[in-house]
Amino acid sequence: MSFLRSVAKEALDHVVSVTKYLCCLHIVNTYACTLTLVSGPSMLPTLNLTGDLLLVERVSHKMGKVRPGDVVLVKSPVEPRKNLAKRVIALEGDKVTSFMDPLTNDQCKTIVVVPGGHVWIQGDNLYASRDSRHYGPVPYGLIQGKVFCRLWPLDSFGSLDK
Amino acid sequence: MTFLRSVAKEALDHMVSVTKYLCCLHIANTYACTLTLVSGPSMLPTLNLTGDLLLVERVSHKMGKVRPGDVVLVKSPVEPRKNLAKRVIALEGDKVTSFVDPLTSDQSKIIVVPRGHVWIQGDNLYASRDSRHYGPVPYGLIQGKVFCRLWPLDSFGSLDK
């Protein structure tokens with residue numbers, strides 16, 4: 001009986017220890033940087049169709065240091081459980097001239113001024129991306145982090161600008 | 001020398017232990033429930049002007065169980081660092097009749113809440129900036145659902161009292 005009790009106690013100690021380390025790892029994941037796998041055609045040629053493993057840092061957007069040209073991870077405004085990787089085109093107060101669909105329409109849409117607290121995001125592949133041209137500027141609060149490094153595939157390891 | 005070393009080691013052990021417990025507390029705060037202090041006139045008479053301590057649970061909105069009538073904590077779409085307490089009036093696909101300004105105009109328009117968005121309003125329509133001003137807000141901005149008031153003590157409990 002005491003043998004079982006000591007085994008159970010040791011198992012419990014291990015579980016508690018592992019839980020504590022997982023909590024610390026989770027804190028790092030939420031506040032420092034995280035890994036994410038993205039796929040899809042909307043950010044070609046910057047990101048691959050079949051999937052890229054990206055390192056996303058979670059500090060810049062909390063300090064307000066998101067700039068036009070950054071690729072960010074953003075919670076989708078139409079599907080709240082999905083995260084998207086898009087490029088920030090304009091910040092609050094900037095004017096954006098958006099073409100609705102370069103294939104079918106040469107008309108300029110009316111020039112949009114990005115409202116306070118919002119950003120304008122677009123995929124690099126304008127022909128296959130649903131973004132702010134379709135659902136308008138997205139609130140800055142939906143940004144989850146800034147992509148700064150690609151880890152996989154290895155032949156395009158490193159910064160996204162290569 | 002060894003005395004200092006053992007004191008330093010003990011202090012470090014305590015720090016690591018405290019850090020581990022703070023991490024676990026933080027996880028509970030982020031994924032189970034959290035406390036928040038809200039103030040302002042926009043949710044009178046439900047919430048007080050001078051400040052209420054609210055218990056906010058963080059499970060329902062992740063499971064999609066936010067319903068019209070719920071008071072939610074939501075990240076402001078115009079000031080990303082502020083959280084607001086507002087009431088959910090309509091979910092995606094619902095139609096909302098919104099009066100532009102009840103004081104000066106009888107005009108109203110019918111708006112369909114787009115997919116992935118909710119329509120939020122303060123209970124005090126005359127002193128609240130909400131979806132009537134900045135439109136439906138994305139569901140992803142919801143931080144949690146308010147389910148209990150802890151302070152002031154004379155209105156302790158559910159918000160419906």
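# A tour of chains A and B

Begin with Cys24(A): the cysteine sulfur closest to its own belongs to Cys23(B), and at 3.6 Å the two are too far apart for a bond. The model on screen is predicted. A disulfide here requires sulfur atoms within 2.5 Å, and by this rule the count over all chains is zero. Colour Cys24(A) by accessibility and it falls in the partly exposed class, at 24% relative accessibility.

Next, select Cys33(B). Which cysteine has the sulfur nearest to that of Cys33(B)? It is Cys148(B), 9.5 Å away, and Cys33(B) is in no disulfide. Cys33(B) is partly exposed, with a relative accessible area of 32%.

**Helix H1 of chain B**

Select residues 2-31 of chain B, which make up helix H1, and pick out His26(B) within this helix. Show what surrounds His26(B), leaving aside neighbours within four places in sequence: the contacts are Ile27(A) and Tyr31(A). Then add Thr50(B) to the selection. His26(B) and Thr50(B) are separated by 24 residues in sequence, and their C-alpha atoms are 27 Å apart in space.

**Helix H1 of chain A**

Move to chain A and select Lys9(A) and Asp13(A). Both belong to helix H1 of chain A, residues 2-31, and they sit four residues apart, about one turn of the helix. Their side chains form a salt bridge, with 3.3 Å between the closest N and O atoms. Is Lys9(A) buried or exposed? Lys9(A) is exposed, at 52% relative accessible area, and Asp13(A) is partly exposed, at 42%. Over all chains, the count of salt bridges comes to ten.

**Two salt bridges in chain B**

For another of these pairs, select Arg149(B) and Asp52(B). They form a salt bridge in which the closest N and O atoms are 2.7 Å apart. Arg149(B) is in strand E9, residues 142-151, and Asp52(B) is in strand E2 of chain B, so the pair ties together parts that lie 97 residues apart in sequence. Arg149(B) is buried, with a relative accessible area of 3%; Asp52(B) is buried too, at 0%.

Now select Asp123(B) and Arg87(B), whose side chains meet in a salt bridge at 2.8 Å, N to O. This pair links distant parts of the chain, 36 residues apart. Asp123(B) is in the loop between strand E7 (117-121) and helix H2 (131-134), while Arg87(B) is in strand E4, residues 83-90. Asp123(B) counts as partly exposed, at 26% relative accessibility, and Arg87(B) counts as buried, at 18%.

**A charged residue without a salt bridge**

Select Glu57(B), in strand E2 of chain B, which covers residues 52-57. Which side chain of opposite charge is nearest to Glu57(B)? It is that of Lys145(B), 4.4 Å away; Glu57(B) is buried yet has no salt bridge. The cut-off for a salt bridge is 4 Å from a side-chain nitrogen to a carboxyl oxygen. Zoom in on the side chain of Glu57(B) and follow it to the backbone nitrogen of Val59(B), which it reaches at 2.8 Å. Beyond four places in sequence, Glu57(B) is in contact with Ala32(B), Cys33(B), Gly144(B), Lys145(B) and Phe147(B). Cys33(B), from the start of the tour, is thus among these contacts.

**A loop in chain B**

Select Ser76(B), in the loop between strand E3 (71-75) and strand E4 of chain B. Ser76(B) is buried, with 3% relative accessible area. Its side chain reaches the backbone nitrogen of Glu79(B) at 3.0 Å. Setting aside neighbours within four places in sequence, Ser76(B) is in contact with Lys82(B) and Leu84(B).

**The sheet of chain A**

To finish, switch to a cartoon view of chain A. Seven strands form an open sheet with antiparallel pairing, in the order E1-E2-E9-E3-E4-E7-E8. Which strands are at the edges? They are E1 (33-38) and E8 (138-139), each of which pairs on one side only. Inside the sheet, select strand E3, residues 71-75, and strand E9, residues 143-152: they run antiparallel and are joined by three bridges. To see a bridge up close, select Leu73(A) and its bridge partner in E9(A), Gly145(A).

How values were computed:
Residues are numbered from 1 along each chain as its sequence is written. Chains are lettered from A and ligands numbered from 1 in the order in which they are written. This is a predicted model: local features need pLDDT of at least 70, side-chain atom pairs count only at pLDDT 80 or more; totals for chains, interfaces and linings use all residues. Side-chain values use heavy atoms; hydrogens and water are left out. Buried means under 20% relative accessible area, exposed over 50%, partly exposed in between (1.4 Å probe, protein chains only). Helices (H or I, at least four residues) and strands (E, at least two) are DSSP runs, numbered from the N terminus. Lys and Arg count as positive and Asp and Glu as negative; His and the chain ends are not counted. A polar contact is a pair of N or O atoms within 3.5 Å; within protein, one must be able to donate a hydrogen and the other to accept it, and residues adjacent in sequence count only if both atoms are side-chain atoms. Contact means heavy atoms within 4.5 Å. Two strands pair if DSSP finds at least two bridges between them.
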